[in-house]
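Here's a look at a protein model with DNA, taken strand by strand and then ring by ring. Keep the structure open while you read.

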2 protein chains.
Amino acid sequence: MNIGDVATRSGLPAKTIRYYEDIGLIAPQRDLNGYRRFRERDLHKLNFLGRARALGFTIEDCRTLLALYEDQSRASADVKQVARDHLARIETKIADLIAMRQTLTELVDACAGDHRPDCPILRDLGGES
Amino acid sequence: MNIGDVATRSGLPAKTIRYYEDIGLIAPQRDLNGYRRFRERDLHKLNFLGRARALGFTIEDCRTLLALYEDQSRASADVKQVARDHLARIETKIADLIAMRQTLTELVDACAGDHRPDCPILRDLGGES
DNA sequence: CTTGACCTTCCCGTGACTGGAAGCCCCATC
DNA sequence: GATGGGGCTTCCAGTCACGGGAAGGTCAAG
């Protein structure tokens with residue numbers, strides 16, 4: 001398979017796949033003409049990466065997870081720890097965003113949104129609340 | 001006031017304040033020695049920016065909001081639109097993160113987290129669900 | 001006069017790509 | 001055999017909102 005084929009089959013842009021090779025996540029072989037040649041195993045790894053990235057894992061998390069994936073003697077505790085740390089970061093982000101949403105919703109609701117210049121949103125941002 | 005003073009009083013790092021000047025959000029005067037000289041009005045703007053950023057507005061949003069803030073003939077509808085667009089982006093992010101949290105929670109709960117290699121998290125990422 | 005805190009500019013690095021330029025390769029068609 | 005178009009290659013630059021750190025000027029206290 002060439003890069004276009006695995007791009008289609010993995011759903012990842014070719015650019016991203018090259019990037020993943022650059023940073024050492026995958027190591028496809030090369031044809032004599034210099035083209036990358038991907039095997040099923042590479043495609044499998046790319047799908048793994050795509051799923052992990054979709055769950056919000058960082059690239060470094062992905063590197064760790066891939067290594068654990070390939071290590072038959074891993075302990076599931078190690079995997080769980082990575083996932084739990086990530087989950088904690090997500091919880092924090094959600095909480096931050098919900099706080100923003102709360103404030104923003106209040107401000108938007110309080111704003112008349114008409115042709116007049118008076119605006120509670122700007123008053124709040126300006127500290128004149 | 002020098003940059004250190006406004007940094008303390010606005011809660012923004014000096015680096016950030018210089019950056020805001022670089023990109024044209026503020027325009028403090030200069031002393032003869034080249035030091036930036038901030039007036040109350042600059043500090044006020046910085047506080048505005050700090051609050052807007054804390055609510056997750058992008059820098060470009062901030063530029064728009066600041067311009068509206070200074071424009072006495074603005075329409076509050078314009079401000080509201082910026083805030084509503086931003087709110088929509090936040091809602092999307094929250095939804096994405098909650099979906100991730102859901103999946104991750106299920107996977108973490110399903111994982112024994114012991115010394116054994118068998119791991120539902122990796123099985124899922126590997127597409128062997 | 002020296003010390004140390006503060007200020008200046010400038011450049012590089014972050015994360016995870018994305019866009020684009022310049023150029024090679026391969027296949028099909030005329 | 002020339003040509004055209006799509007796919008592949010590398011490399012460089014840009015994204016966003018700063019942060020780190022170097023090299024050097026400035027100021028107030030002792």
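## Around DNA strand C

The surface near DNA strand C is made up of 7 nonpolar, 6 polar and 6 charged residues. Here Ala, Val, Leu, Ile, Met, Phe, Trp, Tyr, Cys and Pro count as nonpolar, Asp, Glu, Lys and Arg as charged, and the others, Gly among them, as polar. This is a predicted model, where local features need pLDDT of at least 70 and side-chain atom pairs pLDDT 80 or more, while totals for chains, interfaces and linings use all residues. Residues are numbered from 1 along each chain as its sequence is written, chains are lettered from A and ligands numbered from 1 in the order written, and side-chain values use heavy atoms, leaving out hydrogens and water.

Near means that a heavy atom of the residue lies within 4 Å of the strand. Of the 19 residues around strand C, A:Lys15, A:Tyr20, A:Arg53, B:Gly4 and B:Arg36 come nearest. On the DNA side, 69% of the strand C atoms within 4 Å of the protein belong to sugar or phosphate, and the rest to bases. Polar contacts (a pair of N or O atoms within 3.5 Å) include A:Tyr20, with a polar side-chain atom 2.7 Å from a phosphate oxygen, and B:Arg36, whose side chain has an N or O atom 2.7 Å from a phosphate oxygen. For the B:Arg18 side chain, that distance is 3.1 Å. Helix α2(A) gives the most to this surface, with 4 residues.

## Around DNA strand D

Strand D also has 19 residues around it, and A:Gly4, A:Tyr35, A:Arg36, B:Lys15 and B:Tyr20 come nearest. Sugar or phosphate accounts for 70% of the strand D atoms within 4 Å of the protein. A polar side-chain atom of B:Thr16 sits 2.9 Å from a phosphate oxygen, while B:Ile59 uses a polar backbone atom, 3.3 Å from a phosphate oxygen. The largest share of this surface, 4 residues, comes from α2(B).

## Aromatic pairs

Rings of Phe, Tyr and Trp (its six-membered ring) pair if their centres lie within 6.5 Å; planes under 30 degrees apart are stacked, over 60 edge-to-face, and the rest tilted. That gives 4 aromatic pairs over all chains. B:Tyr19 and B:Tyr20 form a tilted one, 6.0 Å centre to centre with 45° between the planes. B:Tyr19 is partly exposed at 42% relative accessible area, whereas B:Tyr20 is buried at 5% (buried is under 20%, exposed over 50%, partly exposed in between, with a 1.4 Å probe and protein chains only).

B:Phe48 and B:Tyr69 are tilted too, at 4.6 Å and 35°, and both are buried.

Technical notes: Polar contact = N/O pair within 3.5 Å; in protein donor to acceptor, adjacent residues only side chain to side chain. Helix = DSSP H or I, 4+ residues; strand = E, 2+ residues; numbered from the N terminus.
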